[in-house]
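Open the model in your viewer and keep the sequence panel in view. This tour says what to select at each stop and what is there.

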Amino acid sequence: MRRSSTDESTYHRSPSLDSKDYSFPNGAFRRYSSMYGGQFGAASNSFFGFHTNPGPKATKAKYTTPKGNKYVVFYLDLSFIFLLELKRCSMAHNCLQCIKYLMFVFNLLFWLGGCGILGVGIWLAVTQGNFATLSSSFPSLSAANLLIVTGTFVMIIGFVGCIGAIKENKCLLLSFFIMLLIIFLLELTVVILFFVYTDKIDKYAQRDLKKGLHLYGTDGNIGLTNAWSIIQTDFRCCGVSNYTDWFEVYNTTRVPDSCCLEFSENCGLHSPGTWWKAPCYETVKVWLQENLLAVGIFGLCTAMVQILGLTFAMTMYCQVVKADTYCA
C-alpha cells in the first residue's frame, strides 16, 4: 500500500548526485577543515573541492585581537618595571656604599681621637696624680679623670659606629645615633644652663675654690697643690679673689711661694710688695674672654662633628632600611 506524501515519516532520503541541494549541517565543513586543513587547504576555506563561507561568528572572531598579545604586553610591562626597580636598587646600593665608607672613616677618626684622649688622661693620672683638682666639693673632678672618662666614651661610641657602618647593622647604627644624640643634648643643656645662671655659678665657684685653699699642701692633695702652683705661676696671680685669701689658710701674713714675683725658697714670708696682687679667678676669667673666639671655634667644631656623626648614622640607617625593603 502506497504511503501518502503527506504522511510524516521518520525516514529521509539520502541526497543523490543529481540533487541540486548540497546543503550540509551548519559548521560541518569548518569542523572537518580544522581537522584536515593542514593537508587539504584549510587556509583557502576549501574541503575536498567544496568551498565554504565562514559563519558570522567566525567572521567576527577573525578580526579580534589574539589573547596571546595581551600576555606579551603584560610581560613587557613586568620587564620594564623590573628594570626600573633594578636600577633603583643599584643606585640605592651605590649610595649606601658611599655613605658606609664615609661613616667608617669618620668613626675611625673618632675612635682614634678617643684613644688619644684616654692615653693623655692615663698619663696624667700616673705621672701627675690628680692633676688640676681645684674643687674641694668634687675631689674626683680632676683633669686626668675627666680625660679618662671622655676618652672612654668617645672610644665606645666610635667603635659602635665603625662596626655598625662596616656591617650595615641597623641595631648598631641606631644605638650609635641614640648615644651621640644623648651626649649632644647633655652638652647643649649644660651650655644653656651656664649662660642662664652665670652669676650664681660665679659665686658658687669662688666660694668652693676658697674652701679648697685650705687643702693646699696637705697630705693626699698633691693634685690640688700642683694645680694652684701652676695657675699662680703661669697667670701671675695670687689667691681666688685676692692674695689675702691665703692669710685665712696660714692664719698669718703668708702666701705660697708660687705667688712671689721672683721665686725663691720661703719667699712667701716676705713683704706683700714681692707678691702678685691680681686675683686668680678674675685673671683666668679675663683670659677666657680674650680667647673666647678660640673657645667658641672649638665648641662649634665639636658640635659640628657630632651633628655630622648623627647625620651619617641616620642617613645610613634609612638607606639600609630602604635596601632591605626594595632589594629583599
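**Stop 1: the annotated spans**

Start by selecting residues 101–126, 146–166, 173–197 and 292–313, which UniProt lists as "transmembrane region" in an unreviewed entry. The model on screen is a predicted one. Now keep residues 146–166 alone: this span is 100% helix and 0% strand, and its end C-alpha atoms lie 30 Å apart. Switch to residues 173–197, where the end C-alpha atoms are 36 Å apart and the span is 96% helix, with 0% strand.

**Stop 2: the whole chain**

Show everything as a cartoon. The protein has 10 helices and two strands. Follow the chain from the N terminus and the elements come in the order α-β-β-α-α-α-α-α-α-α-α-α. Of the 328 residues, 27% count as buried. The protein exposes about 23,000 Å², and carbon and sulfur atoms supply 66% of that area. Among contacts with a separation of 6 or more, 62% are between residues 24 or more positions apart.

**Stop 3: the rings around Tyr243**

Next, look at the aromatic side chains. How many aromatic pairs does a search of the whole structure find? There are 10. One of them joins Tyr243 and Phe247: the ring centres are 5.8 Å apart and the planes meet at 80 degrees, an edge-to-face pair. Is Tyr243 buried or exposed? Tyr243 is buried, because its relative accessible area is 18% and the cut-off for buried is under 20%. Phe247, at 23%, is partly exposed.

Add Trp275 to the selection. Its ring centre is 5.9 Å from that of Tyr243, and the planes are at 65 degrees, so this pair is edge-to-face as well; the angle for that class is over 60 degrees. Tyr243 lies in the loop between α7 (222–234) and α8 (245–250), while Trp275 lies in the loop between α8 and α9 (280–290). The two residues are 32 residues apart, and the pair links distant parts of the chain. Trp275 is buried, with 1% relative accessibility.

Before leaving, select Lys277. This residue lies over the face of Tyr243, 5.7 Å from the ring centre.

**Stop 4: a cluster of rings**

Finally, select Tyr216, Trp228, Trp246 and Tyr250. Ring pairs link these residues into a cluster. Then add Arg254: its charged end sits over the ring of Tyr250, at 4.8 Å from the ring centre.

Conventions
Residues are numbered from 1 along each chain as its sequence is written. This is a predicted model: local features need pLDDT of at least 70, side-chain atom pairs count only at pLDDT 80 or more; totals for chains, interfaces and linings use all residues. Side-chain values use heavy atoms; hydrogens and water are left out. Rings of Phe, Tyr and Trp (its six-membered ring) pair if their centres lie within 6.5 Å; planes under 30 degrees apart count as stacked, over 60 as edge-to-face and the rest as tilted. Buried means under 20% relative accessible area, exposed over 50%, partly exposed in between (1.4 Å probe, protein chains only). Helices (H or I, at least four residues) and strands (E, at least two) are DSSP runs, numbered from the N terminus. A charge sits over a ring if NZ of Lys or CZ of Arg is within 6 Å of the ring centre and within 35 degrees of the ring normal. UniProt positions are given in the numbering used here, feature names are shortened, and annotations may be inferred rather than shown by experiment. Contact means heavy atoms within 4.5 Å. Accessible areas come from the Shrake-Rupley method with a 1.4 Å probe; for residues, only the protein chains shown count as cover.
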